[in-house]
Amino acid sequence: MRIWVDADACPNVIKEILFRAAERVKLPLILVANQPLKTPPSQYIRSLQVAPGFDVADNHIVQHVEQGELVITADIPLAAEVIDKGAHALNPRGEFYSKENIRQRLMMRDFMETMRSSGEHTGGPAAFNHGDRMEFANQLDRFLAKASKP
């Protein structure tokens with residue numbers, strides 16, 4: 001079991017939570033990005049720099065993730081592909097994507113993109129806050145506790 005991170009847009013505070021969790025439960029944590037990343041020295045944590053380009057990091061994660069593993073991403077299309085492979089997807093705000101909610105999320109994402117391309121101002125996501133960090137940490141802890149049970 002490994003934890004994969006779509007690391008280019010992942011907030012640093014979430015990476016810190018993941019670093020501590022990987023050490024605590026002794027699970028491999030792989031951060032995939034188009035740029036170099038700083039990670040603490042650890043036998044469980046590694047960063048992987050992929051070539052620059054649209055979706056290169058996402059494609060690497062999809063190619064290598066295995067059933068039951070966890071992917072941290074806010075990218076809804078990536079989450080959909082991960083779920084299709086039988087893996088789990090958790091966004092940095094602490095919300096799990098699932099077979100039950102991912103199609104609706106994709107449709108809403110596409111709708112909002114259509115609105116923006118037609119000139120409609122749709123705003124952006126709410127600012128990342130302390131509650132988001134806490135929800136992420138709690139969901140991650142629950143997932144890891146469940147995953148570690150025989």
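User: What makes strand 3 and strand 6 the edge strands of the open sheet?

Analyst: The open sheet holds six strands in the order 3-2-1-4-5-6, with mixed pairing. Strand 3 and strand 6 each pair on one side only, and they are the edge strands. Strands here are DSSP E runs of at least two residues, helices are H or I runs of at least four, and both are numbered from the N terminus. The model is predicted, with local features requiring pLDDT of at least 70 and side-chain atom pairs pLDDT 80 or more, while totals for chains, interfaces and linings use all residues. Residues are numbered from 1 along each chain as its sequence is written, and side-chain values use heavy atoms, leaving out hydrogens and water.

User: How do you know that strand 1 and strand 2 pair?

Analyst: Pairing requires at least two DSSP bridges between two strands. Strand 1 and strand 2, which run parallel, are joined by four bridges, so the criterion of at least two is met. Val5, for example, has Leu31 of strand 2 as its bridge partner.

User: Which residues of strand 1 point one way, and which the other?

Analyst: Ile3 and Val5 point one way and Trp4 and Asp6 the other, and all are buried.

User: Why is Phe143 called buried or exposed, and how does Phe96 rate?

Analyst: Buried means under 20% relative accessible area, exposed means over 50%, and partly exposed lies in between (1.4 Å probe, protein chains only). Phe143 has 11% relative accessibility and is therefore buried. Phe96, with a relative accessible area of 25%, is partly exposed.

User: Why is the pair of Phe96 and Phe143 described by the word it carries?

Analyst: Rings of Phe, Tyr and Trp (its six-membered ring) pair if their centres lie within 6.5 Å; planes under 30 degrees apart are stacked, over 60 edge-to-face, and the rest tilted. The count by this rule is one aromatic pair. Phe96 and Phe143 lie 5.9 Å centre to centre with 35° between the planes, and the pair is tilted. This pair links distant parts of the chain, since Phe96 belongs to strand 6 and Phe143 to helix 5, 47 residues apart.

User: Which contacts of Asn101 involve Phe96 and Ser98, and is Asn101 buried or exposed?

Analyst: Asn101 sits in the loop between strand 6 and helix 4 (102-117), and its relative accessible area of 17% makes it buried. A polar contact is a pair of N or O atoms within 3.5 Å; within protein, one must be able to donate a hydrogen and the other to accept it, and residues adjacent in sequence count only if both atoms are side-chain atoms. The side chain of Asn101 reaches the backbone oxygen of Phe96 at 3.2 Å. A polar atom of the Asn101 side chain also lies 2.8 Å from the backbone nitrogen of Ser98.

User: How do you know that the span of helix 5 agrees with its number of residues?

Analyst: The expected span is 1.5 Å times one less than the number of residues. For the 19 residues of helix 5 (residues 130-148) this gives 27 Å, and the end C-alpha atoms are 27 Å apart, so the two agree. At the N-terminal end, Asn129 caps helix 5, with a side-chain oxygen 2.9 Å from the backbone nitrogen of Gly131.

User: What covers the buried residues of helix 5?

Analyst: Those buried residues include Phe136, Leu140 and Phe143. Their cover includes strand 1 (3-6), helix 1 (12-25), strand 4 (70-72), strand 5 (88-90) and strand 6 (96-97).

User: What makes up the largest nonpolar core?

Analyst: A nonpolar core is a set of buried Ala, Val, Leu, Ile, Met, Phe, Trp, Tyr and Cys residues joined through side-chain atoms within 4.5 Å. The largest such core has 25 residues, and Leu18, Leu29, Ile72 and Leu140 have the most contacts inside it. Helix 1 gives the largest share, six residues. Contact means heavy atoms within 4.5 Å; leaving aside neighbours within four places in sequence, the contacts of Leu18 are Ile3, Val5, Leu29, Ile72, Phe136 and Leu140. A second, separate core of 19 residues includes Trp4, Ile61, Val62 and Ile83.

User: Why does the phi of Lys26 deserve mention, and what is the phi of Asp55?

Analyst: Most residues other than glycine have a negative phi. Lys26, in the loop between helix 1 and strand 2, has a positive phi near 55°. Asp55 has a positive phi near 65° and is found in the loop between strand 3 (45-49) and helix 2. Lys26 is exposed at 53% relative accessible area, whereas Asp55 at 31% is partly exposed.
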